[in-house]
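Trainee: Could we go through this one together? I'd like to see how each label gets justified.

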Amino acid sequence: MLQPFLNLKTTVIRLNPSAQTHARIIDGKALSAQVLDEVREDVRALAAQQIYPALAVLLIGQDPASEVYVRNKLLRAKDVGIHSLEHRLPDNVSQQQVLQLIQRLNADPGVNGILVQLPLPAHINEQAVIQAIAPIKDVDGFHRENVGGLVQGDEVLTPCTPSGCMRLLHETLGDLSGLHAVVVGRSNIVGKPMATLLLQANCSVSVVHSRSVDAAALCRLADIVVAAVGRPQMIDARWLKPGAVVIDVGINRIDTSSGPRLVGDVDFESASRVASAITPVPGGVGPMTIAYLLKNTLIASELQRAERPISYPAVG
Ligand code: NDP
(Lines give C-alpha, C1' and ligand atoms only; values in the text may rest on other atoms or scores of the structure.)
Protein backbone atom coordinates (compact mmCIF):
# COMPACT_ATOMS: atom_id res chain seq x y z
CA MET A 1 0.00 0.00 0.00
CA LEU A 2 1.42 3.38 -0.95
CA GLN A 3 1.36 5.89 1.86
CA PRO A 4 3.25 8.99 0.75
CA PHE A 5 2.10 11.05 3.72
CA LEU A 6 3.07 8.56 6.41
CA ASN A 7 5.28 9.34 9.39
CA LEU A 8 3.39 12.46 10.32
CA LYS A 9 4.91 14.22 13.23
CA THR A 10 2.32 16.06 15.23
CA THR A 11 3.71 19.47 16.08
CA VAL A 12 0.29 20.66 15.18
CA ILE A 13 -0.82 24.27 15.07
CA ARG A 14 -4.31 25.03 16.29
CA LEU A 15 -5.77 27.84 14.25
CA ASN A 16 -6.26 30.60 16.78
CA PRO A 17 -6.87 34.04 15.33
CA SER A 18 -6.15 36.03 18.49
CA ALA A 19 -3.06 34.31 19.88
CA GLN A 20 -0.52 34.93 17.11
CA THR A 21 1.87 37.82 16.87
CA HIS A 22 4.47 36.24 14.60
CA ALA A 23 4.16 33.20 12.39
CA ARG A 24 6.00 29.97 12.94
CA ILE A 25 8.34 29.25 10.01
CA ILE A 26 7.50 25.98 8.30
CA ASP A 27 10.95 24.57 7.59
CA GLY A 28 10.77 22.79 4.23
CA LYS A 29 14.50 22.15 4.24
CA ALA A 30 14.34 20.19 7.50
CA LEU A 31 11.19 18.33 6.50
CA SER A 32 12.59 17.46 3.08
CA ALA A 33 15.65 15.98 4.83
CA GLN A 34 13.23 13.77 6.77
CA VAL A 35 11.43 12.73 3.57
CA LEU A 36 14.78 11.98 1.93
CA ASP A 37 15.71 9.82 4.95
CA GLU A 38 12.48 7.87 4.44
CA VAL A 39 13.35 7.40 0.77
CA ARG A 40 16.94 6.36 1.63
CA GLU A 41 15.62 3.78 4.07
CA ASP A 42 13.21 2.39 1.44
CA VAL A 43 15.99 2.28 -1.16
CA ARG A 44 18.12 0.23 1.26
CA ALA A 45 15.27 -2.18 1.94
CA LEU A 46 14.73 -2.62 -1.82
CA ALA A 47 18.45 -3.16 -2.45
CA ALA A 48 18.33 -6.04 0.04
CA GLN A 49 15.83 -7.62 -2.38
CA GLN A 50 18.05 -6.82 -5.41
CA ILE A 51 15.68 -4.05 -6.53
CA TYR A 52 17.38 -0.83 -7.68
CA PRO A 53 14.94 1.96 -8.66
CA ALA A 54 16.25 4.21 -11.42
CA LEU A 55 15.22 7.64 -12.67
CA ALA A 56 15.85 8.96 -16.19
CA VAL A 57 16.07 12.75 -16.51
CA LEU A 58 15.86 14.45 -19.91
CA LEU A 59 17.25 17.95 -20.28
CA ILE A 60 16.74 19.59 -23.66
CA GLY A 61 18.73 22.72 -24.47
CA GLN A 62 20.67 24.94 -22.09
CA ASP A 63 18.17 26.92 -20.05
CA PRO A 64 20.27 28.01 -17.03
CA ALA A 65 17.44 27.57 -14.48
CA SER A 66 16.66 24.09 -15.85
CA GLU A 67 20.36 23.18 -15.60
CA VAL A 68 20.30 24.09 -11.89
CA TYR A 69 17.05 22.17 -11.24
CA VAL A 70 18.34 19.07 -13.02
CA ARG A 71 21.68 19.22 -11.22
CA ASN A 72 19.90 19.41 -7.86
CA LYS A 73 17.57 16.53 -8.72
CA LEU A 74 20.49 14.32 -9.78
CA LEU A 75 22.49 15.21 -6.68
CA ARG A 76 19.60 14.39 -4.34
CA ALA A 77 18.93 11.14 -6.21
CA LYS A 78 22.56 10.15 -5.68
CA ASP A 79 22.32 11.14 -1.98
CA VAL A 80 19.51 8.67 -1.37
CA GLY A 81 20.96 5.90 -3.52
CA ILE A 82 18.57 6.18 -6.47
CA HIS A 83 20.35 5.46 -9.73
CA SER A 84 19.86 8.30 -12.21
CA LEU A 85 20.42 8.43 -15.95
CA GLU A 86 20.90 11.87 -17.45
CA HIS A 87 19.96 12.40 -21.09
CA ARG A 88 21.10 15.76 -22.43
CA LEU A 89 19.74 16.68 -25.80
CA PRO A 90 20.72 19.72 -27.88
CA ASP A 91 18.40 22.69 -28.46
CA ASN A 92 17.85 21.65 -32.07
CA VAL A 93 16.82 18.05 -31.35
CA SER A 94 13.63 17.15 -33.23
CA GLN A 95 10.39 16.25 -31.48
CA GLN A 96 10.53 12.87 -33.18
CA GLN A 97 13.95 12.17 -31.65
CA VAL A 98 12.67 13.12 -28.19
CA LEU A 99 9.64 10.86 -28.59
CA GLN A 100 11.83 7.99 -29.75
CA LEU A 101 14.05 8.33 -26.69
CA ILE A 102 10.97 8.35 -24.44
CA GLN A 103 9.68 5.24 -26.17
CA ARG A 104 13.00 3.48 -25.49
CA LEU A 105 12.90 4.52 -21.84
CA ASN A 106 9.26 3.40 -21.56
CA ALA A 107 10.27 -0.04 -22.78
CA ASP A 108 13.41 -0.30 -20.62
CA PRO A 109 12.64 -2.37 -17.49
CA GLY A 110 15.73 -0.86 -15.83
CA VAL A 111 14.11 2.61 -15.85
CA ASN A 112 11.35 3.22 -13.30
CA GLY A 113 10.80 6.96 -13.61
CA ILE A 114 11.04 9.39 -16.52
CA LEU A 115 11.25 13.12 -15.97
CA VAL A 116 11.40 15.65 -18.79
CA GLN A 117 12.60 18.99 -17.46
CA LEU A 118 10.28 21.81 -18.55
CA PRO A 119 10.11 24.24 -20.27
CA LEU A 120 10.96 22.73 -23.65
CA PRO A 121 12.29 24.63 -26.68
CA ALA A 122 9.46 26.28 -28.63
CA HIS A 123 9.54 23.82 -31.56
CA ILE A 124 8.72 20.87 -29.29
CA ASN A 125 5.11 20.27 -28.28
CA GLU A 126 5.11 19.91 -24.50
CA GLN A 127 1.85 17.95 -24.38
CA ALA A 128 3.03 15.49 -27.05
CA VAL A 129 6.12 14.77 -24.96
CA ILE A 130 4.27 14.48 -21.63
CA GLN A 131 1.60 12.20 -23.07
CA ALA A 132 4.27 9.95 -24.64
CA ILE A 133 5.61 8.97 -21.20
CA ALA A 134 4.18 5.68 -19.92
CA PRO A 135 1.80 6.79 -17.12
CA ILE A 136 3.33 4.29 -14.71
CA LYS A 137 6.76 5.92 -15.21
CA ASP A 138 5.45 9.51 -15.18
CA VAL A 139 7.08 10.66 -11.92
CA ASP A 140 5.93 14.24 -12.51
CA GLY A 141 2.31 13.06 -12.52
CA PHE A 142 1.45 15.20 -15.56
CA HIS A 143 0.14 12.46 -17.89
CA ARG A 144 -3.62 12.74 -18.40
CA GLU A 145 -4.12 9.20 -17.10
CA ASN A 146 -2.52 10.21 -13.80
CA VAL A 147 -4.38 13.53 -13.72
CA GLY A 148 -7.69 11.71 -14.23
CA GLY A 149 -6.77 9.08 -11.66
CA LEU A 150 -5.91 11.77 -9.13
CA VAL A 151 -9.30 13.43 -9.57
CA GLN A 152 -11.02 10.06 -9.11
CA GLY A 153 -9.00 9.32 -5.98
CA ASP A 154 -7.04 6.40 -7.49
CA GLU A 155 -3.56 5.39 -6.46
CA VAL A 156 -1.52 7.19 -9.12
CA LEU A 157 1.66 9.19 -9.49
CA THR A 158 0.83 12.67 -8.19
CA PRO A 159 2.62 15.94 -9.07
CA CYS A 160 5.59 16.51 -6.77
CA THR A 161 5.07 20.14 -5.71
CA PRO A 162 1.47 19.70 -4.50
CA SER A 163 2.44 16.44 -2.77
CA GLY A 164 5.23 18.31 -0.96
CA CYS A 165 2.80 21.10 0.00
CA MET A 166 0.36 18.54 1.44
CA ARG A 167 3.09 17.04 3.57
CA LEU A 168 4.01 20.52 4.86
CA LEU A 169 0.37 21.18 5.70
CA HIS A 170 -0.16 17.83 7.45
CA GLU A 171 2.98 18.35 9.51
CA THR A 172 1.77 21.82 10.50
CA LEU A 173 -1.94 21.26 11.03
CA GLY A 174 -2.43 17.49 11.37
CA ASP A 175 -5.91 16.67 10.09
CA LEU A 176 -7.11 19.23 7.55
CA SER A 177 -10.76 18.17 7.59
CA GLY A 178 -13.23 21.02 7.50
CA LEU A 179 -10.67 23.76 6.91
CA HIS A 180 -11.22 26.29 4.16
CA ALA A 181 -8.30 26.34 1.72
CA VAL A 182 -7.76 28.91 -1.00
CA VAL A 183 -5.37 28.02 -3.79
CA VAL A 184 -4.16 31.04 -5.74
CA GLY A 185 -3.28 29.85 -9.25
CA ARG A 186 -4.82 27.14 -11.43
CA SER A 187 -1.91 25.73 -13.45
CA ASN A 188 -1.87 22.06 -14.36
CA ILE A 189 1.36 21.49 -12.46
CA VAL A 190 0.55 23.23 -9.18
CA GLY A 191 -2.83 24.93 -8.70
CA LYS A 192 -5.24 22.29 -10.02
CA PRO A 193 -3.62 19.20 -8.47
CA MET A 194 -3.16 21.13 -5.22
CA ALA A 195 -6.87 21.94 -5.09
CA THR A 196 -7.68 18.27 -5.79
CA LEU A 197 -5.43 17.01 -2.98
CA LEU A 198 -6.89 19.51 -0.52
CA LEU A 199 -10.38 18.38 -1.45
CA GLN A 200 -9.34 14.76 -0.86
CA ALA A 201 -8.07 15.85 2.56
CA ASN A 202 -11.62 17.06 3.29
CA CYS A 203 -10.97 20.78 3.00
CA SER A 204 -13.47 23.16 1.46
CA VAL A 205 -11.51 24.51 -1.48
CA SER A 206 -11.66 27.74 -3.47
CA VAL A 207 -9.41 28.38 -6.45
CA VAL A 208 -8.46 31.98 -7.21
CA HIS A 209 -7.04 33.02 -10.61
CA SER A 210 -6.40 36.05 -12.76
CA ARG A 211 -10.12 36.54 -13.51
CA SER A 212 -11.27 36.23 -9.90
CA VAL A 213 -13.13 39.24 -8.55
CA ASP A 214 -11.52 40.55 -5.36
CA ALA A 215 -8.97 37.77 -4.89
CA ALA A 216 -7.81 39.34 -1.62
CA ALA A 217 -11.29 39.12 -0.09
CA LEU A 218 -11.55 35.45 -1.09
CA CYS A 219 -8.17 34.73 0.48
CA ARG A 220 -9.19 36.46 3.71
CA LEU A 221 -11.78 33.70 4.19
CA ALA A 222 -9.10 31.00 4.17
CA ASP A 223 -7.62 28.93 6.97
CA ILE A 224 -5.00 27.77 4.46
CA VAL A 225 -3.62 29.86 1.59
CA VAL A 226 -1.49 28.18 -1.08
CA ALA A 227 0.10 30.74 -3.39
CA ALA A 228 1.20 29.52 -6.84
CA VAL A 229 1.03 32.58 -9.04
CA GLY A 230 4.51 33.59 -10.20
CA ARG A 231 4.09 37.22 -9.11
CA PRO A 232 6.65 38.46 -6.58
CA GLN A 233 5.21 39.23 -3.14
CA MET A 234 1.66 39.72 -4.48
CA ILE A 235 -0.04 38.36 -1.35
CA ASP A 236 0.53 40.43 1.75
CA ALA A 237 -0.96 40.74 5.24
CA ARG A 238 -4.12 42.37 3.86
CA TRP A 239 -4.97 39.13 2.03
CA LEU A 240 -4.84 36.97 5.14
CA LYS A 241 -7.16 36.04 7.96
CA PRO A 242 -5.32 36.21 11.30
CA GLY A 243 -3.97 32.75 12.11
CA ALA A 244 -4.04 31.43 8.52
CA VAL A 245 -1.38 28.94 7.42
CA VAL A 246 0.45 30.09 4.29
CA ILE A 247 2.26 27.86 1.79
CA ASP A 248 4.24 29.91 -0.72
CA VAL A 249 5.04 27.96 -3.89
CA GLY A 250 6.29 30.96 -5.87
CA ILE A 251 9.91 31.32 -6.90
CA ASN A 252 10.64 34.77 -8.33
CA ARG A 253 13.97 36.47 -8.90
CA ILE A 254 13.90 40.21 -8.13
CA ASP A 255 16.60 42.86 -8.26
CA THR A 256 17.27 44.73 -5.04
CA SER A 257 19.84 47.37 -4.09
CA SER A 258 21.95 44.54 -2.64
CA GLY A 259 21.70 42.41 -5.79
CA PRO A 260 19.29 39.77 -7.11
CA ARG A 261 17.17 37.90 -4.57
CA LEU A 262 14.67 35.03 -4.63
CA VAL A 263 11.22 35.83 -3.25
CA GLY A 264 7.91 34.02 -3.20
CA ASP A 265 4.43 35.06 -4.25
CA VAL A 266 3.82 36.12 -0.65
CA ASP A 267 5.25 39.20 1.05
CA PHE A 268 6.90 37.22 3.82
CA GLU A 269 7.55 40.18 6.15
CA SER A 270 3.99 41.44 6.39
CA ALA A 271 2.29 38.04 6.02
CA SER A 272 4.24 36.54 8.89
CA ARG A 273 2.79 39.16 11.23
CA VAL A 274 -0.72 37.83 10.54
CA ALA A 275 -0.32 34.14 9.66
CA SER A 276 0.14 31.43 12.29
CA ALA A 277 2.65 29.55 10.12
CA ILE A 278 4.32 30.27 6.79
CA THR A 279 6.85 28.70 4.42
CA PRO A 280 9.91 30.80 3.55
CA VAL A 281 11.34 31.23 0.04
CA PRO A 282 13.83 29.74 -0.41
CA GLY A 283 13.74 26.82 2.04
CA GLY A 284 10.03 26.03 1.98
CA VAL A 285 8.27 24.24 -0.87
CA GLY A 286 11.29 23.98 -3.23
CA PRO A 287 13.21 21.25 -1.35
CA MET A 288 9.98 19.30 -0.80
CA THR A 289 9.39 19.15 -4.56
CA ILE A 290 12.68 17.31 -5.14
CA ALA A 291 12.09 15.00 -2.17
CA TYR A 292 8.68 14.01 -3.59
CA LEU A 293 10.17 13.43 -7.04
CA LEU A 294 12.37 10.77 -5.45
CA LYS A 295 9.47 9.39 -3.42
CA ASN A 296 7.52 9.18 -6.68
CA THR A 297 10.38 7.21 -8.25
CA LEU A 298 9.97 4.60 -5.52
CA ILE A 299 6.20 4.64 -5.92
CA ALA A 300 6.61 4.16 -9.70
CA SER A 301 8.92 1.22 -9.10
CA GLU A 302 6.40 -0.25 -6.64
CA LEU A 303 3.51 0.21 -9.08
CA GLN A 304 5.56 -1.52 -11.78
CA ARG A 305 6.33 -4.44 -9.50
CA ALA A 306 2.66 -4.71 -8.62
CA GLU A 307 2.44 -5.33 -12.36
CA ARG A 308 -0.19 -3.29 -13.89
CA PRO A 309 0.59 -3.61 -17.60
CA ILE A 310 2.55 -0.60 -18.82
CA SER A 311 0.93 1.09 -21.80
CA TYR A 312 3.34 2.42 -24.40
CA PRO A 313 1.84 5.41 -26.23
CA ALA A 314 2.71 5.30 -29.92
CA VAL A 315 5.21 7.82 -31.24
CA GLY A 316 3.28 10.17 -33.54
P1 NDP B 1 1.62 29.48 -14.10
O2 NDP B 1 2.12 30.74 -14.71
O3 NDP B 1 1.44 28.27 -14.94
O4 NDP B 1 0.22 29.78 -13.38
C5 NDP B 1 0.03 30.95 -12.64
C6 NDP B 1 -1.38 31.02 -12.16
O7 NDP B 1 -1.53 32.22 -11.40
C8 NDP B 1 -2.42 31.05 -13.28
O9 NDP B 1 -3.45 30.12 -13.00
C10 NDP B 1 -2.93 32.48 -13.27
O11 NDP B 1 -4.31 32.61 -13.56
C12 NDP B 1 -2.73 32.87 -11.82
N13 NDP B 1 -2.59 34.32 -11.69
C14 NDP B 1 -1.80 35.14 -12.41
N15 NDP B 1 -1.95 36.41 -12.02
C16 NDP B 1 -2.86 36.39 -11.03
C17 NDP B 1 -3.47 37.39 -10.22
N18 NDP B 1 -3.13 38.69 -10.34
N19 NDP B 1 -4.38 37.03 -9.30
C20 NDP B 1 -4.72 35.72 -9.14
N21 NDP B 1 -4.17 34.71 -9.88
C22 NDP B 1 -3.27 35.05 -10.82
O23 NDP B 1 2.60 29.20 -12.87
P24 NDP B 1 2.94 27.82 -12.09
O25 NDP B 1 1.75 27.29 -11.42
O26 NDP B 1 3.74 26.95 -12.96
O27 NDP B 1 3.96 28.39 -11.00
C28 NDP B 1 3.55 29.36 -10.05
C29 NDP B 1 4.76 29.79 -9.23
O30 NDP B 1 5.27 28.68 -8.55
C31 NDP B 1 5.93 30.31 -10.06
O32 NDP B 1 6.58 31.31 -9.32
C33 NDP B 1 6.84 29.11 -10.21
O34 NDP B 1 8.20 29.48 -10.38
C35 NDP B 1 6.64 28.46 -8.87
N36 NDP B 1 6.90 27.03 -8.83
C37 NDP B 1 7.61 26.55 -7.79
C38 NDP B 1 7.85 25.21 -7.64
C39 NDP B 1 8.60 24.75 -6.45
O40 NDP B 1 9.07 23.64 -6.44
N41 NDP B 1 8.70 25.56 -5.41
C42 NDP B 1 7.38 24.24 -8.62
C43 NDP B 1 6.55 24.82 -9.66
C44 NDP B 1 6.33 26.17 -9.75
P45 NDP B 1 -4.94 32.29 -15.00
O46 NDP B 1 -5.04 30.81 -15.08
O47 NDP B 1 -6.26 32.98 -14.97
O48 NDP B 1 -3.98 32.86 -16.02
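Trainee: Which feature does UniProt place at residues 159–303?

Mentor: Keep in mind that this is a predicted model. The UniProt record, an unreviewed entry, puts "domain: Tetrahydrofolate dehydrogenase/cyclohydrolase NAD(P)-binding" there, at residues 159–303. That span is 36% helix and 21% strand, and its end C-alpha atoms lie 16 Å apart.

Trainee: Now the helix pair. What makes α2 oblique to α10?

Mentor: Start with the angle: α2 (residues 64–80) and α10 (residues 285–305) have axes that cross at roughly 55° and come within 10 Å. Roughly parallel would need an angle under 35 degrees, and roughly perpendicular runs from 65 to 115. The crossing falls in neither range, so α2 counts as oblique to α10. As for handedness, the crossing is right-handed.

Trainee: Which residues make that contact?

Mentor: On α2 they are Asn-72, Lys-73, Arg-76, Ala-77 and Val-80, while α10 supplies Ile-290, Leu-293 and Leu-294.

Trainee: How do the residues of the contact divide into nonpolar, polar and charged?

Mentor: Five are nonpolar, one is polar and two are charged. Lys and Arg count as charged, so Lys-73 and Arg-76 account for the charged pair.

Trainee: And the ligand? Which residues come nearest?

Mentor: Gly-185, Ser-187, Ser-210, Gly-230 and Thr-289, out of 25 around the ligand. Helix α10 turns up again here: its three residues are the largest share of the shell.

Trainee: What is the make-up of that shell by class?

Mentor: Twelve polar, ten nonpolar and three charged residues. Gly is counted among the polar ones, so Gly-185 and Gly-230 fall in that class.

Notes: Residues are numbered from 1 along each chain as its sequence is written. This is a predicted model: local features need pLDDT of at least 70, side-chain atom pairs count only at pLDDT 80 or more; totals for chains, interfaces and linings use all residues. Axes are lines fitted to C-alpha atoms, for helices over the stretch in contact, and angles run from 0 to 180 degrees between N-to-C directions. Helices (H or I, at least four residues) and strands (E, at least two) are DSSP runs, numbered from the N terminus. Angles under 35 degrees count as roughly parallel, over 145 as roughly antiparallel, 65 to 115 as roughly perpendicular and the rest as oblique. A crossing is left-handed if the near helix is turned anticlockwise from the far one by less than a right angle, and right-handed if clockwise. Two residues are in contact if their C-beta atoms, placed from the backbone, lie within 7 Å. UniProt positions are given in the numbering used here, feature names are shortened, and annotations may be inferred rather than shown by experiment. A residue is near a molecule or strand if its C-beta atom, placed from the backbone, lies within 6 Å of it.
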